[in-house]
Amino acid sequence: MAQSRDSEFLARAAELAEQGRFRVEPNPVVGCVIVRKNKIVGEGFHAYWGGPHAEAAALRQARDDARGATVYVTLEPCGHRGKTGPCADALIRAGVKEVVFAATDPNPSTSGVGPKRLKEAGVIVRRARASKIIRAQLEPYFTAQGRNRPWVIAKWAMTLDGKIATRTGDSRWISCEKSRKFAHRHYRARCDAIMCGAGTVRTDDPSLTNRSGRGPQPLRVIVAGRRRLPSKSKVLNREATTIVAVPEPHLAPKRVESIVAGHGGKVDLKKLLRALHTRGIRRVLVEGGGEVHGALFDKNLVDQIAVFIAPKIIGGVAATAAVAGRGIGKMPQGMTLKDQREQKIEDDRLIEAFVVSGR
């Protein structure tokens, strides 16, 4: 009977967790329900990266009803302080009687810490069997552990024929205004850094700032080659911090910080991402252009995509492709996607998906 109730309430927690998909990575999607006298009194999920965890959201809804209740959560409650406080401590303060979780956390900084703290405080702690749904939900998080680099989201807007700019370099605007606002709110506002190539800076002169009205300004990372950036580029202003990645020390600009990560006269993207990880960058939004996207895909360095597709045709062999680089030789080598989700934004379509590693 208890096992049946566990499955029922954890299934509901998994439904809640799904609402955080594509918003929380590299953190895990997590859902939580709080049950008292066999009735759900609080529900919550991890809604966006850096935001309150599922347990905190459920406790807010349950309020005083959490005292003496049983908590069902898809992943063990954390016991460390990151962008938010430890969930184990919040559960203890709320006076819960029991905590049932479906999966253990592979992160060595927190694995087992939360359950141990709960037990020491007199809370009953049980691990239930994780369903296939919960295991699938947590797979991206489990896979990301140990990579020693940030979570990389490749985002672009393209036409139906896969172009991100015309043959003259014009790209404003492919997607509609509502799509652009969505991108700021759901991506730029929730990333530590925004990355693009120096070619995009020279052609489009983007600001690469978060103009959603929420969240801090992300770090701006420019992947440069041997050519220097124009001195009046918007990314060199003081709206946000900028780092320029260069292949050789003598190419480093004087006005902003630089990272030297070179290989064969080009920026080594693996080294660059490791350097960003070392300075605490955990989530990077890459906004092109096609060469940077292609180089990242060629090196298997993309975890997630967000592609806005506009109902337009550009044409032309000289028009810029969304993903350049070396590419593949045969179709079986193609990088595949999973967990695709599509939504309509006015006339545009947004496709979000995870990239399957390995080719």
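Contact here means heavy atoms within 4.5 Å of each other. By that yardstick, and leaving aside neighbours within four places in sequence, Thr200 touches Asp205, Pro206, Gly288 and Gly289. Keep in mind that this is a predicted model. The tour below starts with the salt bridges, of which the structure holds 19, then moves on to surface charge and to three of the helices.

**Salt bridges around Glu352**

- Glu352 sits in strand β18, which covers residues 348-355, and its relative accessible area is 0%, so it counts as buried.
- One of its partners is Arg23, and the closest N and O atoms of this salt bridge are 2.7 Å apart.
- Arg23 comes from the loop between α1 (2-17) and β1 (31-36), so to speak a long way off in the chain: the two residues are 329 apart and the pair links distant parts.
- Both ends of the Arg23 and Glu352 bridge are buried.
- Glu352 also forms a salt bridge with Arg341, this time with 3.5 Å between the closest N and O atoms.
- Arg341 belongs to strand β17 (residues 337-345) and is 11 residues away from Glu352.
- With a relative accessible area of 28%, Arg341 is partly exposed, while Glu352 at 0% is buried.

**Arg149 and Asp303**

- Another salt bridge joins the side chains of Arg149 and Asp303, at 2.8 Å from N to O.
- Arg149 lies in the loop between α5 (132-144) and β6 (151-159), and Asp303 in the loop between α9 (290-298) and β15 (304-310), so this bridge ties together parts 154 residues apart in sequence.
- Buried means under 20% relative accessible area, so Arg149 makes the cut at 14%.
- Asp303 is buried too, with a relative accessible area of 3%.

**Other charged groups**

- Asp6, Glu98 and Arg126 are tied into a network of salt bridges.
- On the surface, Lys270, Lys271, Arg274 and Lys299 come together as a patch of positive charge.
- Of that group, Lys299 is located in the loop between α9 and β15, the loop that also holds Asp303.

**Helix α2**

- Helix α2 runs over residues 54-62 and includes Arg60.
- Its buried residues are Ala54, Glu55, Ala57, Ala58, Leu59 and Ala62.
- Among the elements covering them are β1, β2 (39-45), β3 (70-75) and α3 (87-94).
- Arg60 is exposed, with a relative accessible area of 56%.
- Measuring C-alpha to C-alpha, Arg60 and Glu43 are 8.7 Å apart in space, with their positions 17 residues apart in sequence.
- Right after α2 comes Arg63, which has a positive phi, near 55 degrees.

**Helix α6**

- Helix α6 spans residues 177-186, and Ser179, Phe182, Ala183, His184 and His186 are buried in it.
- Those buried residues pack against β6, β14 (283-286), β15, β17 and β18.
- Two of these strands have come up already, since β17 carries Arg341 and β18 carries Glu352.

**Helix α7 and Thr200**

- Back to the residue we opened with: Thr200 is part of helix α7, residues 198-204.
- Thr200 has a relative accessible area of 14%, so it counts as buried.
- Its contacts beyond four places in sequence include Gly288 and Gly289.

Conventions:
Residues are numbered from 1 along each chain as its sequence is written. This is a predicted model: local features need pLDDT of at least 70, side-chain atom pairs count only at pLDDT 80 or more; totals for chains, interfaces and linings use all residues. Side-chain values use heavy atoms; hydrogens and water are left out. A salt bridge is a side-chain nitrogen of Lys or Arg within 4 Å of a carboxyl oxygen of Asp or Glu. Helices (H or I, at least four residues) and strands (E, at least two) are DSSP runs, numbered from the N terminus. Buried means under 20% relative accessible area, exposed over 50%, partly exposed in between (1.4 Å probe, protein chains only). Patches are made of residues with over 30% relative accessible area and no salt bridge: like charges are joined within 9 Å, nonpolar side chains (Val, Leu, Ile, Met, Phe, Trp, Tyr) within 5 Å. Accessible areas come from the Shrake-Rupley method with a 1.4 Å probe; for residues, only the protein chains shown count as cover. Lys and Arg count as positive and Asp and Glu as negative; His and the chain ends are not counted. The place of a charge is taken as NZ of Lys, CZ of Arg, CG of Asp or CD of Glu.
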